[in-house]
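Work through the following exercises with the sequence and the model open side by side. Each task is followed by a solution that proceeds step by step.

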Amino acid sequence: MSSKEKACAYCGKLVLKRDKEHVFPKCLYPPSKNNSKVQRLTIPACNECNNGWADDEAHFRNMLALAGEPNNVRRELWETTTLRSFEEVDGLRRMNDLIAQMKPVSTDGGERYMIFPGQDQRVIRVVRKIIRGLCHHHGILSPVTEQCVWIDVLKYVVPREILDQMMYHHREQDIVEYRYNILNEDEINSVWLIAFFERVTFIGIVSISETGFSR
């Protein structure tokens, strides 16, 4: 490696010219957060990786904007950035992508439509990307491939004693909070909890090797 070459945080490729990739998509932040410096967590990435998530990140924003009851910042995001995005050239496609994820659910009040982010592979891909970026940022493991990260929506309440053992960080608490614990045992490198808009929480497990989740 020359003194000018640096490794991409996602693929490990050595490059002379690097982009700054936002670990948490900028599109998650509404206009009222424009002056926030907390959100700007960036890591080095090659151009291919940097541009590889843009379309999925916009879909990710739209999915989370409809998942569960909104907090104030998510409501603002929906009423500004998200609704305006449907007026763009690709707006109809994005709206159809969102509608395709709506599933009929029977409730006490009758049938209603809901979305399930954990069942959308584009959403899962973005959460994998975020955890891979955080592993690099915190100096835990880098690069981490997609195959090394398992993701699902958290379905159970995590006991407080377990949460207290995890490192805690946020990038605007009403937008995203995350916790992690480094294990490095039984082929597991680390465990992550990432909560978006105080409503949707994902659990992620990073394997030490790509074979960790193939058994």
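**Exercise 1.** Does Glu187 count as buried, exposed or partly exposed, and at what relative accessibility?

*Solution.* This is a predicted model, in which local features need pLDDT of at least 70 and side-chain atom pairs count only at pLDDT 80 or more, while totals for chains, interfaces and linings use all residues. Residues are numbered from 1 along each chain as its sequence is written, and side-chain values use heavy atoms, with hydrogens and water left out. The classes are buried (under 20% relative accessible area), exposed (over 50%) and partly exposed (in between), computed with a 1.4 Å probe on protein chains only. Glu187 has a relative accessibility of 30% and therefore counts as partly exposed. As for its backbone, Glu187 lies in the loop between β9 and β10 and has a positive phi of about 70° although it is not a glycine.

**Exercise 2.** Classify Glu172 as buried or exposed, and locate it.

*Solution.* Glu172 belongs to the loop between β8 and β9, and its phi, near 80°, is positive in a residue other than glycine. Its relative accessibility is 15%, so Glu172 counts as buried.

**Exercise 3.** Establish the strand order of the open sheet and find the helix that packs on it.

*Solution.* Strands are DSSP runs of E of at least two residues and helices are runs of H or I of at least four, both numbered from the N terminus; two strands pair if DSSP finds at least two bridges between them. Five strands follow the order β7-β11-β10-β9-β8 with antiparallel pairing. At the edges stand β7 (149-153) and β8 (167-170), each of which pairs on one side only. Within the sheet, eight bridges join β10 (residues 188-196) to β11 (residues 200-207), and Ile194 stands opposite Phe202 in β11. Helix α5 (residues 121-137) packs on this sheet and touches β7, β9 (176-185), β10 and β11, where contact means heavy atoms within 4.5 Å. The direction of α5 makes about 120° with that of β10, the axes being lines fitted to C-alpha atoms, for helices over the stretch in contact, and the angles running from 0 to 180 degrees between N-to-C directions.

**Exercise 4.** Describe the surroundings of Arg93.

*Solution.* Arg93 sits in helix α4 (residues 91-100) and is partly exposed, with a relative accessible area of 36%. Leaving aside neighbours within four places in sequence, Arg93 is in contact with Asp55 and Arg122.
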